[in-house]
Structure formats: structure tokens, C-alpha cells
Amino acid sequence: MRYMMIVKHAEKQELPPKALMDAIDKMGQDATKAGTMLGGGGLAPTALGARVRLSGGKVTATDGPFTEAKEVIGGYAQFEFKSKEDAVQSAVQFMELHKKHWPGWEGETEVRQMYGPGEFPPTA
Amino acid sequence: MTATDTHRSIDAVWRIESPRLIASLTRMVRDVGLAEDFAQDALVAALQQWPAAGIPDNPGAWLMATAKRRAIDHFRRNTVFDRKHEELGRELEKKERTVPDFAAALDDNFGDDLLRLVFISCHPVLTTEARVALTLRLIGGLTTEEIARAFLVPEATIAQRIVRSKRTLSGKRIPFEVPRGAELSVRLPSVLEVIYLIFNEGYSATTGDDWMRPALCEDALRLGRILAELAPQEPEVHGLVALMEIQASRAKARTGPSGEPILLFEQSRALWDQLLIRRGLAELARAENLGPAPGPYVLQAQIAACHARTRTPEETDWPRIVALYGQLAQITPSPIVELNRAVAISMASGPAAGLELVDALAAERSLENYHLLPSVRGDLLKKLSRFHEARAEFERAASLTRNARERHLLLARAQSCATASAPPHPR
């Protein structure tokens, strides 16, 4: 089953410690070697991005940064896992790396199953 | 976390960590059976301790440390009977003292260890079935029960197969060096064969009602991807992965709403998984960059890529496919390749041209019970409006296939021939 991991956190101004980046790189390489990781990447700061919102019948585009947002998406990855438990376990290990190499960092990795082509949410 | 939650998490950890664990242990104890036993001991310990103590921060390292302790104890107990065990025991202990960081020890030789394990579990001294079972077990991390279910055989059969293969490997004193260079290239086909066999079992079941067993395809893909990282200089490995990625991309399009099979040219291409196609084409590019003379898997991947690249069946580059099958027929000649080449020729040059080739295959003994021969012949005859003969071929094909849904499809095509050849109703 295909999963997307979405990492969210308060947007910090400082760069993550090199040890963390190295550890995340290695984890990604290992997952690629294990045939489970299909792709992914880190996202640049919101200052370089934009948001396009549809609300009240109007579409508006706003440039970053989005300083009022409590959390932004820092990165994502796609995996092929046998079960939700496998996906969660992988996310746990990812977060443990942050705990070890960037003390004080807080955030959340959302684990979501991806639909394949032609798949739709089950109707109620 | 409830007890069940922890157990499921432990299962997940096991699936992720067990291949590395067994691979490392195999290097240390030089016996696949023993390696698996020690790994299992570590799992049992985890099941006993983690529910109460919680899952450790580095579960792989915990399992490795536990397994190594068991190994050392085992060899200590056996020193009375075996000098070699005594040596091994001392070696392990020495390593234990000099490498306190187990995480580092795990990572050090991981690539080599896993490659070693792959080549052992696919050793030509074992039967193909044994290789498949052992590979799925040791590298795929599947349980005996899961393997049995996937191959529709009793669990005991698989268990026996695995036990016997480990005994064979011990008995024949298979060397534990990682094959390199020329030796690796020689041993590679037996590995690729196992992986593709697993994929095909999942892709087109020959018995039972389910046309696909997707889980096996994912396992084969994962094994292929692992191998592509371990042996990146081998074009045929990338060729096999490319072939599997592209074939798997059609998974959602291959069956209709009631589970009926849909042939490639009738599939909705919107349902083809573009992520897998992109990955497959990227793998194919890696293969092509490695050498000018494509091997059989690269050629098959190139053929699959011809279909994958086009938005509609009408745009298919049939002459190219004919040429590729021609190349394939040169390096791996077989009646099945000829049959596929005949289909391609019929698409490029018309059904009569294809029929000529198919008729030449009629005498092939190996295709006697192959349902696709009469199925293809029926298709070509139908296109030539020879409905009566076409119907007979479809009915023959239906009688030869063991897949219920495929049989249904073939009988439906026979029926459509009967309808087509029926005299028009009087006005």
C-alpha cells in the first residue's frame, strides 16, 4: 500500500543540525535500498512560496512568508508498505532521529494512505 | 498503546529489520539456518519484553545485540563437541567487545551481507520452489503462513521446503563469500529468475479465482529494488525492475468491475499508474546507459515501455516492438517469444502475416497445453472473418486455462464468433 508521510512543524529560521540532515539522508538511502521508499523531498521556506485560496467565491494568490501559520509542511515522502503499522513505525523512527539530533524540535509526521489510479473514498 | 497495538508494531519492526538482522548473522555464523534461529530468538525476546518496557529507540540495534548474545551462548555450549564452534564463539565475543556500537556494526557491512544472503537463498543447488520460499522468507520478511497463502499450498509444505533448503545449504557447504565481478554476473540469472517468478505468480495466477495477487507483485518489486541498489552496475537487474514497475503500473486497469480480465489494448490508460511508469522508464534508462547489448530483461522492459509511453493503443510503435521481439528471439529463442512476435507482426503487418507464424507454431510440443496459442490464433482468425474456425480455437483455449475468469472471457469471445457468423435474421 502506498503511503505519504507529511512532516509538519513550526517554521523555524535556523537550519537543522548537519547531524540530523545526515541521519535523514541515510534513512532515506536505507529505505531506497530496502525498496520501500518511492520518492520525496524537503520543502523550501514559505517565504519562497505562495498560497492560492478559493473562499467566498473568490480565488486569491498570496505570496509567502506565512508567519501567522502555526505549522508549515517541511517535507514529504512516498513509501510502499505492507500495512499502516509499518508506515507508522517508519515515521516513529524518523521522529526519533529528530529527538536525538535536534533537541527541543517539535513537530508531527502525518501518515496517510494514498489512493491508486481510479480509487475513491468509500461512500458512507 | 494496547498489547495488540504493540504486537502489531513489533510485527512491523520485524518486517523492516529482519532481513538486515539475518543477513548480518549469516555473515557471522556462516549458516543461514542458525542465523534465522538466532534472529527468531531475538524476536521472541522482543515479544516478551517490549510490551512492558516499550519499543526501544533503535529496535534494530536491540534485536541485533540480543541475537548476538544468543549466538555466543550457543557456541559456548557447543564447544565441547566442535572446535569450529569454539572458534566462532570466541570470534563473536571478540567482535562484541571491540564494537560496542551495534548500530554501527549493523550498518557497516549491510550491503554486502544482504547481497550475500540474496545469492545464498537463490543458490542454484536448491530447487526453484525452495529458492522462492527461502527468498520470500529471509529477504522478503514474509511468514511461512503468508508464503503458503500466496502460493496456494499448505503451510506445512512451505515450512518443509524451507527446512530442507537450509539443510541442503548446510550440507553442501555453500561458500559464504559475496560473489563479485564475473562470478556475480554468472550467478545473477538464478536470482533474477526467482524474483520474476514471484512477480508473475502475483501478476497472473494460474489457478484459483483471483486473477491477481497484488501483494506478491509488491514483494517482488521490493526485492528487485533492493537488488538494484546492491548491484547497480548490472543492467539486467535494472531491466527486470523496469519490467516489473511497468507491468505493475497496469494493475488497476487489468480487471473490470466484476473481476473480469481486460486485455492491454482495451484498458483505460487513465488507470495506468504514472508514478510506476516514470520509475520504470528511469530504471530502463539506467540499464541502457550501462551497456549497448541489451539482455533479455532489458529487451522485455523496452517492449513494455513501448506500450507504457503511448497515450492510446493506436499510437503504439508496432514495428519497433517487432524488432525488439526479433532481438529477444535471437538471445532467448522460445516458442513463447515466437508467439508474442507473431502478435506484434499481426499488429504491424496485418492478421494474415501473424497467422502464418502462429500456424508454424502449431506443431510445437511445448505449446500443446498453452491456452494463449489457440487464444491468439482465434483472435487472428476472427480478424480475418473466419468465425467458425475462430470459435473452435477460443473454445479450445477456454478448456486449457485453469483461471476461471480467463475461461469466462474466452468462452464469451467464442460466443461472439458464433453470433458474428450466424446468418442475418430475415427481415
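Two residues count as in contact here if their C-beta atoms, placed from the backbone, lie within 7 Å. Keep that in mind as we walk through this predicted model, because words such as "touch" and "pack" rest on this 7 Å test.

Let's start in chain B, with helix H16, which covers residues 335-349. Its 15 residues reach 20 Å from the first C-alpha to the last, close to the 21 Å expected at 1.5 Å a residue. A good part of H16(B) is tucked away: the buried residues are B:Leu339, B:Asn340, B:Arg341, B:Ala342, B:Val343, B:Ala344, B:Ile345 and B:Ser346. What do those buried residues pack against? They meet helix H15 (318-331), helix H17 (351-360) and helix H18 (372-383), which also belong to chain B. Right after H16(B) comes B:Gly350, and its phi is positive, near 100°.

Two of those neighbours also pack on each other. H17(B) and H18(B) come together at an angle of about 145°, their axes 9 Å apart, and their crossing is left-handed. On the H17(B) side you'll find B:Pro351, B:Gly354, B:Leu355 and B:Val358, and they meet B:Val376, B:Arg377, B:Leu380 and B:Lys383 of H18(B). Sorted by class, that contact has five nonpolar residues, one polar and two charged.

Now step back and look at chain B as a whole. Its secondary structure comes to 20 helices and zero strands. Of its 427 residues, 43% count as buried. Take the contacts in chain B between residues at least 6 apart in sequence: 61% of them join residues at least 24 apart.

One residue gives a nice picture of such a link. B:Leu114 sits in helix H6, residues 110-121 of chain B. Why does B:Leu114 count as buried? Because there are 26 C-beta neighbours inside 10 Å of B:Leu114, and 20 or more is what it takes. Leaving out residues up to four places away in sequence, B:Leu114 touches B:Pro19, B:Arg20, B:Ala23, B:Ile226 and B:Leu230. There's also B:Ile22, which is 92 residues from B:Leu114 in sequence, yet the two are 8.5 Å apart in space, C-alpha to C-alpha.

Over to chain A, where strands come into play. Strands of a sheet pair through backbone hydrogen bonds, either parallel or antiparallel. Chain A has an open sheet of four strands in the order S2-S5-S1-S6, with antiparallel pairing. Strand S2 (37-42) and strand S6 (107-113) of chain A stand at the edges with a single partner strand each, so one side of each has no neighbour in the sheet. From one strand to the next, the twist averages 15°.

Strand S1(A), residues 2-9, pairs with S6(A) in the antiparallel sense over seven bridges. There, A:Tyr3 has A:Gln113 of S6(A) as its bridge partner. Helix H2 (residues 84-101) of chain A packs on this sheet, touching S1, strand S5 (72-80) and S6 of chain A, and its direction makes about 160° with that of S6(A). S1(A) also runs antiparallel to S5(A), with eight bridges joining the two strands. In that pairing, A:Met4 stands opposite A:Gln78 of S5(A).

Chain A has another strand pair to look for. Six bridges join strand S3 (residues 50-55) to strand S4, and the two run antiparallel. A:Leu54 stands opposite A:Val59, which is in S4(A). S3(A) and S4(A) form a hairpin with two residues between them, and in the turn A:Gly56 has a positive phi of about 60°. Is S4(A), residues 58-63, buried or in the open? Of its six residues, the number buried is zero, so S4(A) lies largely in the open.

Finally, see where the two chains meet. There, 16 residues of chain A are in contact with 21 residues of chain B. On the chain A side, the elements that give two or more residues are helix H1 (18-33) and H2. Of these elements, H2(A) gives the most, with four residues. The chain A side divides into three nonpolar, seven polar and six charged residues. So H2(A) is worth finding twice: H2(A) packs on the sheet of chain A, and H2(A) also gives residues to the side that touches chain B.

Terms used: Residues are numbered from 1 along each chain as its sequence is written. Chains are lettered from A and ligands numbered from 1 in the order in which they are written. This is a predicted model: local features need pLDDT of at least 70, side-chain atom pairs count only at pLDDT 80 or more; totals for chains, interfaces and linings use all residues. The expected span of a helix is 1.5 Å times one less than its number of residues. A residue is buried if 20 or more other C-beta atoms lie within 10 Å of its own, exposed if 12 or fewer, and partly exposed in between; C-beta atoms are placed from the backbone. Two strands pair if DSSP finds at least two bridges between them. Axes are lines fitted to C-alpha atoms, for helices over the stretch in contact, and angles run from 0 to 180 degrees between N-to-C directions. A crossing is left-handed if the near helix is turned anticlockwise from the far one by less than a right angle, and right-handed if clockwise. Ala, Val, Leu, Ile, Met, Phe, Trp, Tyr, Cys and Pro count as nonpolar, Asp, Glu, Lys and Arg as charged, and the others, Gly among them, as polar.
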